[in-house]
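Welcome to my notebook. Today I am looking up aromatic rings and what sits around them.

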Amino acid sequence: MSENAEQIWQWNGVLGAKWVAEQESLDAQLAPMSQLLAEAAGAQPGDHVLDVGCGCGATTLALAQAVGVTGQVVGVDVSTPMLARAAQRLAGLPRPPELVQADAQTAALGEARFDRIVSRFGVMFFSDPAQAFANLARALRPGGRLAFVCWRAASENPWAHVPLSVALRHVPQPAPGDPHAPGPFAFADAARTGAMLEAAGFRAVRAEPSDGDMSLGGARTLDEAAAFATRNGPAGRLLRDAAPEVIARIEAELRVALAPCLTPTGVHMPYAVWVVTATR
Ligand SMILES: C[S@@+](CC[C@H](N)C(=O)[O-])C[C@H]1O[C@@H](n2cnc3c(N)ncnc32)[C@H](O)[C@@H]1O
């Protein structure tokens, strides 16, 4: 059984289904980080690029456009439903990316095959990140560039901690887990991430903090934002099995808590990420 069996199960089950159902909302939310990633990766026409944890393919599509018909993009992911959505979106491109269903921690991805390896929030779910980054380093050509975005701590990301604190008024607090366990905030500690990358063979490792404003799931109204916040992020995970009447009470409180975030263009909240780059 794969070391990432638990994550593979989740991304082929409840998480994969959710990311497919919410693909447009999540892509709207994550659009600013796509831009950060594109700038950090700097993909050029003709490049060979690996998109790790490519999911439903938003960044894979953007990379395919950046590298053009002389380049090649490969998206690797463990999730059957998310790769199926990516395939739908990528069909018809002049040189469609290759989509590979595999665990990026251990899969044979080729030796020095890629000019760039990129990821939008797809590298924080490895059971053994040291093994995974060593595997990715092998697939990158000497001098090639690694670029990914990952979340800083939940406490720095109100889109995560505001809905969670409202939810915790209504459901029991789970026992605290390992902060470095696979999950969205596993790489919040940039010093630890940097040390891991260096040990895996990367050099010139940099983690730049980036702060900005993002749409909360593309929500235009407080109703949409409150509903999105109870389905997604740390609150969504906590409320997965909550009764509809409990969710309704939490949504009512969230409409109040999120009211200051309502703007003429929708509901916006601050985000805090690391933009991590490194060279092989
Ligand atoms: C938070 S989602 C991000 C998806 C996509 N990059 C995006 O920004 O929309 C994390 C992705 O990583 C994938 N993933 C998790 N563990 C993985 C692994 N070991 N190998 C490859 N992909 C993995 C999941 O299936 C999921 O698609």
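Entry one. I searched the whole structure, which is a predicted model, and the search gave 9 aromatic pairs. I began with Trp-11 and Trp-19: their ring centres are 6.0 Å apart and their planes meet at 65°, so I noted the pair as edge-to-face. Planes have to be over 60 degrees apart for that label.

Entry two. Are these two rings buried or exposed? I looked up Trp-11 and found 12% relative accessibility, so Trp-11 counts as buried. Trp-19 has 24% relative accessibility, so I wrote it down as partly exposed. The cut-off for buried is under 20%.

Entry three. Next I turned to Phe-121 and Trp-151, an aromatic pair that is stacked, with 4.3 Å from centre to centre and 15° between the planes. Where in the chain do the two partners lie? I found Phe-121 in the loop between β4 (114-120) and α6 (129-139), while Trp-151 belongs to strand β5 (residues 140-151). They are 30 residues apart, and the pair links distant parts of the chain.

Entry four. I checked accessibility here too. Phe-121 comes out at 9% relative accessibility and therefore counts as buried. Trp-151 is also buried, with a relative accessible area of 5%.

Entry five. Which residues do ring pairs join to Phe-121 and Trp-151 in a cluster? I noted Trp-159 and Phe-185 as the other members.

Entry six. Last, I looked for a charge over a ring. I found the charged end of Arg-152 over the ring of Trp-274, 5.4 Å from the ring centre.

Technical notes
Residues are numbered from 1 along each chain as its sequence is written. This is a predicted model: local features need pLDDT of at least 70, side-chain atom pairs count only at pLDDT 80 or more; totals for chains, interfaces and linings use all residues. Side-chain values use heavy atoms; hydrogens and water are left out. Rings of Phe, Tyr and Trp (its six-membered ring) pair if their centres lie within 6.5 Å; planes under 30 degrees apart count as stacked, over 60 as edge-to-face and the rest as tilted. Buried means under 20% relative accessible area, exposed over 50%, partly exposed in between (1.4 Å probe, protein chains only). Helices (H or I, at least four residues) and strands (E, at least two) are DSSP runs, numbered from the N terminus. A charge sits over a ring if NZ of Lys or CZ of Arg is within 6 Å of the ring centre and within 35 degrees of the ring normal.
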